[in-house]
Amino acid sequence: MLSEESAAVVRATLPAVAGALDEITTRFYGAMFRDRPELLDGLFNRGNQASGAQRRALAGSIAGFAQALLADPDTRPDALLARIAHKHAAVGITDDQYTIVHKYLFGAIAEVLGDAVTPDVAAAWDEVYWLMAGALIAREARLYQEAGVLPGEVWRPWTVVERHEETRDVVSFLLRPADGRPAPPARAGQYVSVRLRMPDGVHQLRQYSLSSDPGDDLRRITVKRVAGEAGAPDGEVSNLLFEQVGTGDELTLSAPFGDVSLDDADTPLVLISAGIGCTPMAGMLARLAATGSGRRVLVLHADTSPDDHALRAEVRETVDRLPDAEAVFWYERPGAEEPGARTGLMDLTGIDVPADSTVYLCGPLPFMRAVRGQVLKAGVPPRRVHYEVFGPDLWLPEAA
């Protein structure tokens, strides 16, 4: 609960703090990595730092949490906290690291806002920070317990038993635990972190959705080779996986996490994706087929062309195995491989999306924003629309 005194101060200073958050988080990361460079080794992704995505996600989460406290001081924004807690658990965040973040974050706030940070202002925002940190620490402790691991000790070795080229830029890896122990429990739609040593000796990590049924000891991830755009660097992890990892190699994977997973209801299910966002949907479809589900399932996917559509044939085959499933594809450049596909961007006009559906979205943010609006217009309540973002979540404050 945020105290009344602190709530008044936060309400008065939120516009100034929110307006300066980009500079605050820039200085925060710069100072923290300068003093604690070991945090860049296997904890923070350098690509997300270079693109600014991590900085913007942190700024959005702080502002979103503060706004939620002001709206109702006695509650917590569950969607925001759950998303962050799962991301943190997937990279092995531990309690002591919140103290490190606090030191450098509040140092950056003092630097940027200067004399405006009076003792009362500092105390009020300190309360906000520790309310958020405490809620996350508690959630992460539960996630570690449910995963059967000690806090932060989420890593295990896995052996690549098969490598399969899906498209010119996408490859799948079928994996088995290398230590002989059973695979950890997972839910369809969840992801794992992959941790690799880069040529310069620094470990980097990236999350990848489980793209097959997670019900046995074999797991699959499907990786798109990321090319840098607008001055951003190429994806370090994806390119190393694509170019150098093959059958017989060993990878280090985290336990599975992710707050977006296939539900157990019998309501209609709508799986909507674009590009490599098809991967969690493929895992959900595989789980439905493995369990003999009779649910009504609608699979909607948009891509550049059939040749660029990873797992296309597999998804078609799985849809055909389900008793009440249908797939509709959109391509910017249609091809003979999918004669019934639609042309252009995804447009749900004429698509029957039942109002009682559970909807899952995955793809680029502009795509998900546009399609979410169409789904809501079709009558699906916002609480039934779930989404997964690859990398830092830059949509969470507005979509929660």
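Rings of Phe, Tyr and Trp count as a pair if their centres lie within 6.5 Å, with Trp represented by its six-membered ring. Hello everyone, keep that in mind, and let's look at the structure above. What we have is a predicted model, and a search through the whole of it finds eight aromatic pairs.

Let me show you one of them. In tyrosine 29 and phenylalanine 33, the ring centres are 5.7 Å apart and the planes meet at 20°, so this pair is stacked. Where do tyrosine 29 and phenylalanine 33 lie? Both are in helix 1, four residues apart, or about one turn of the helix. A bit of background helps here: an α-helix has 3.6 residues a turn, so residues three or four places apart point the same way. Tyrosine 29 is buried, with a relative accessible area of 6%, and phenylalanine 33 is buried too, at 12%.

Now compare a second pair. Tyrosine 129 and tryptophan 130 are edge-to-face, with 5.0 Å from centre to centre and 85° between the planes. Are they buried or exposed? Tyrosine 129 counts as buried because its relative accessibility is 12%, while tryptophan 130, at 35%, counts as partly exposed.

Going back to our stacked pair, Tyr29 and Phe33 belong to one aromatic cluster together with Phe28 and Phe44.

Before we go further, a word on confidence. The chain has a mean pLDDT of 92, and 97% of its residues reach 70 or more. Where does pLDDT stay under 50? That happens over residues 396-400, and the model has ten contacts for them beyond four places in sequence. As a general caution, where pLDDT is low, the predicted coordinates should not be read in detail.

Let's zoom out to the domains. The domain assignment gives domain 1 (4-147), domain 2 (155-257) and domain 3 (269-388). Taken over C-alpha atoms, the centres of domain 1 and domain 2 are separated by 29 Å. The contact takes 18 residues from domain 1 and 20 residues from domain 2.

Next, the inside. In soluble globular proteins, nonpolar side chains tend to be buried together. Here, the largest nonpolar core has 60 residues, and the ones that touch the most other members are Ile24, Phe28, Met32, Leu105, Trp125, Val128 and Phe257. You may remember Phe28 from the aromatic cluster. Which helices each supply at least two residues of this core? They are helix 1 (4-35), helix 3 (53-71), helix 4 (78-89), helix 5 (96-113) and helix 6 (119-147). Helix 6 gives the largest share, 14 residues. And where does this core lie? It lies between domain 1 and domain 2, because both give residues to it.

Phe257 deserves a closer look. Leaving out neighbours within four places in sequence, phenylalanine 257 is in contact with His86, Ala89, Ala90, Leu143, Tyr144, Ala147, Val154, Gln190 and Tyr191. Apart from this core lies another one, of 27 residues, including Val170, Leu262, Leu285 and Val319.

Leu285 leads us to threonine 318, which sits in helix 9 (residues 312-321). Not counting residues up to four places away in sequence, threonine 318 touches Leu285, Ala286 and Ala289. Threonine 318 is buried, with a relative accessible area of 7%. Its side chain has a polar atom 2.8 Å from the backbone oxygen of glutamate 314.

Now step back to the loop between strand 8 (297-303) and helix 9, where we find leucine 311. Most residues other than glycine have a negative phi. Leucine 311, in contrast, has a positive value, near 65°. Is leucine 311 buried or exposed? At 4% relative accessibility, leucine 311 counts as buried.

My last stop is glycine 275, in the loop between strand 7 (269-274) and helix 8 (278-290). Glycine 275 counts as partly exposed, since its relative accessibility is 22%. Beyond its neighbours within four places in sequence, glycine 275 is in contact with His301, Ala302 and Asp303. How many residues along the chain lie between the positions of glycine 275 and cysteine 362? They are 87 residues apart, yet their C-alpha atoms are separated by 8.8 Å.

That's my tour. Thanks for listening!

How values were computed. Residues numbered from 1 in each chain as written. Predicted model: local features only at pLDDT ≥ 70, side-chain atom pairs only at ≥ 80, totals over all residues. Heavy atoms only, no water. pLDDT = per-residue confidence, 0-100. Contact = heavy atoms within 4.5 Å. Buried < 20%, exposed > 50% of the residue type's maximum accessible area, 1.4 Å probe, protein only. Polar contact = N/O pair within 3.5 Å; in protein donor to acceptor, adjacent residues only side chain to side chain. Core = buried A, V, L, I, M, F, W, Y, C linked by side-chain atoms within 4.5 Å. Domains from an automatic or database assignment. Phe/Tyr/Trp six-rings, centres within 6.5 Å; stacked < 30°, edge-to-face > 60°.
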